Amino acid sequence: MQIYADNAATTKMSRAAIDAMLRCMEEEYGNPSSLYARGQRAKEILEQARADVAAVIGAEPGEIYFTSGGSEADNQAIRSAAEMGKKQGKRHIISTAFEHHAVLHTLKKLEKEGFAVTLLDVHEDGLVRVDELEAAIREDTCLVTVMFANNEIGTIQPIREIGAVCKKHGVLFHTDAVQATGHLPIDVKADNIDMLSASAHKFHGPKGVGFLYARKGIRLVNLIEGGAQEKGKRAGTENVAGVAGMAAALKESAAHMAENAEHMRKIRDRLIKGLSAIPHSALNGDASKRLPGNVNFCFEGIEGESLLLLLDDRGISASSGSACTSGSLDPSHVLLAIGRVHDVAHGSLRLSIGEATTEEEAAYIVRNVKEVVEYLRGFSPVWRDLTSGKTPFIL
Ligand SMILES: *Cc1c(COP(=O)(O)O)cnc(C)c1O
C-alpha cells in the first residue's frame, strides 16, 4: 500500500488546478501587460483569479497580491508593517515561538535592524493565550503576527479574538494562514485580519505561487523592484498559469470545505485513538482545536528519523517535524516551544492526511506505526534505560 500522509508539507494538485494551468500554458500564454487581445485575455484570467481568491477569504480583489508562495507573503507582510511602524517611531513586534521560519527568520533580521521582538510562549496545548498577548502590547508595538494554524502540530489559534485585541489597541495584525487557507473558514473582515499569507501548494494548487491579503490602507513595501505588476508592489511578469491553478484549487477546496473537514476529522480521530494505545506516547497539541488533517505524536525511546525511514519502506510518507527541520539534528522548535524536552521531541511523527485518505489506510498506518515503534524500541539503548528504571519515563 502507498499512502501519502504528508499533506502539511505539500499536496497533490487537483485536476481542476492542472486543467486551469494547462489552458494557460497551451493557449493563453500572453503577457498580461500586453495591450493586444491575447495579452488582455491573460490579464482577465489573472483578475478573475484575484476575485475568486478574494471571495474565499471575504476580501476585496484589490486587497490580494500574488506572490511566489507563503514565504514571500510572510516576508512582505512583516517588512511592510515594520516600515509603517518605523515611520511612527514604533519598533516593537509581537509573535510566537512556534511560527514558521519564514516569519521567525524575518523577525531575526528585523531585530538586527533595531526592532524589538517579543515571542509569546505557546502553552502545552499548542495555543497562545489572548490575555498574555494583550499584556505584551506596548505603546511602540507596530505588529502582531500569529499563525492561523501550526504546520507541525496543527493547533488553531484564537484568531478572531487576537484580531479584536489588536484592533482595540490600534496594532496591525498579520497571520500566516498557509495551513488554514482552503481548509478552515476564513473571513478577514470578521476575523479582524489586516494581512494574511497563503500558499497554493498547501491546498492542491501548484508550488511556487501564493498570495498576500493586505487590507486597503496598508502600504506594502516591495521585496522585488522592477515593473509595475501587482500595483507596483511585486515586480515581474505574473505567473498566470500558477495563479489560475491556485484559484481553481482554492475554489474547489472552499466549495467542499465542510464535507472534507468532516471526513478528515473522522480519520484523524481514528488515528489519534489508535496511536494513543502505544505505551509511552503522547499527542502533541490540543486534541480538538487542531486542523482536521493533523496528527502529531511523540513516542518515547525512539528517533523520529528512523521511524520515518521504516514507515517509508512500508509505503507510508510521513514527516517528523517540518520538512524544513528534517536534515538538521536539532529537534523541532515547535515541539520545544510547547515544552517537550529534547529526547522526547526527537521521537516525533507528523501524519497529515488529506481528503482522499481512507479508513483502510488509517488502519494500515496505525498497525505499521505500532510495529515499527516496537521494533525500534527493541534495540534502543534509551528505551533499555527507561524500562530498566535507570532513567525515568517522561511520557
Ligand atoms: C508551507 C508553509 C509556509 C511556506 O510556504 P511556501 O509556499 O512553501 O513558501 C509558510 N508558513 C507555513 C505555516 C507553511 O506551512
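The following legends describe close-up views of a predicted model.

**View 1. Surroundings of the ligand.** In this predicted model, the ligand is surrounded by 13 residues. The closest of these are S71, D176, Q179, S199 and K202. Polar atoms of the ligand can be paired with three residues shown here. One oxygen atom of the ligand is placed 2.7 Å from an N or O atom in the side chain of S71. At G70 the partner belongs to the backbone: a polar backbone atom of G70 is 2.8 Å from an oxygen atom of the ligand. On the side of nitrogen, a nitrogen atom of the ligand is 2.6 Å from an N or O atom in the side chain of D176.

**View 2. Packing of helix α3 against helix α4.** Helix α3 spans residues 70-87 and helix α4 spans residues 101-112. Their axes come within 9 Å and cross at roughly 35 degrees, and the crossing is right-handed. On α3 the contact is formed by S71, D74, N75, I78, R79 and A82, and on α4 by A102, V103, T106, L107, K109 and L110. Sorted by class, the residues of this contact comprise 6 nonpolar, 3 polar and 3 charged. S71 of α3 thus appears in the contact with α4, and S71 is also listed among the residues closest to the ligand.

**View 3. Packing of helix α2 against helix α7.** The axes of helix α2 (residues 37-57) and helix α7 (residues 240-255) are 9 Å apart, and the two helices pack at an angle of about 30 degrees. Angles under 35 degrees count as roughly parallel, and α2 and α7 are therefore roughly parallel to each other. The crossing of α2 past α7 is left-handed. From α2, the residues A42, I45, L46, A49, D52, V53 and V56 meet V240, V243, A244, A247, L250, K251 and A254 of α7. This contact has 12 nonpolar and 2 charged residues, with no polar ones.

**View 4. Packing of helix α9 against helix α12.** Helix α9 (residues 304-313) and helix α12 (residues 359-378) have axes that come within 10 Å and cross at roughly 130 degrees. The two helices are therefore oblique to each other, and their crossing is right-handed. The contact involves S306, L307, L310 and L311 of α9, together with N368, V369, V372, V373, Y375 and L376 of α12. By class, 8 of the residues in the contact are nonpolar and 2 are polar, while no charged residues take part.

**View 5. Environment of A9.** A9 lies in the loop between β1 (3-4) and α1 (15-26). Apart from neighbours within four places in sequence, A9 is in contact with H201, K202 and R350. One of these contacts, K202, is also among the residues closest to the ligand. H256 serves as a reference position: A9 and H256 are separated by 247 residues in sequence and by 21 Å in space, taken from C-alpha to C-alpha.

Methods. Residues numbered from 1 in each chain as written. Predicted model: local features only at pLDDT ≥ 70, side-chain atom pairs only at ≥ 80, totals over all residues. Heavy atoms only, no water. Axes fitted to C-alpha atoms, helices over the stretch in contact; angles between N-to-C directions. Helix = DSSP H or I, 4+ residues; strand = E, 2+ residues; numbered from the N terminus. Parallel < 35°, antiparallel > 145°, perpendicular 65-115°, else oblique. Left-handed = near helix turned anticlockwise from the far one by under 90°. Contact = heavy atoms within 4.5 Å. Nonpolar A, V, L, I, M, F, W, Y, C, P; charged D, E, K, R; others polar. Near = heavy atom within 4 Å. Polar contact = N/O pair within 3.5 Å; in protein donor to acceptor, adjacent residues only side chain to side chain.
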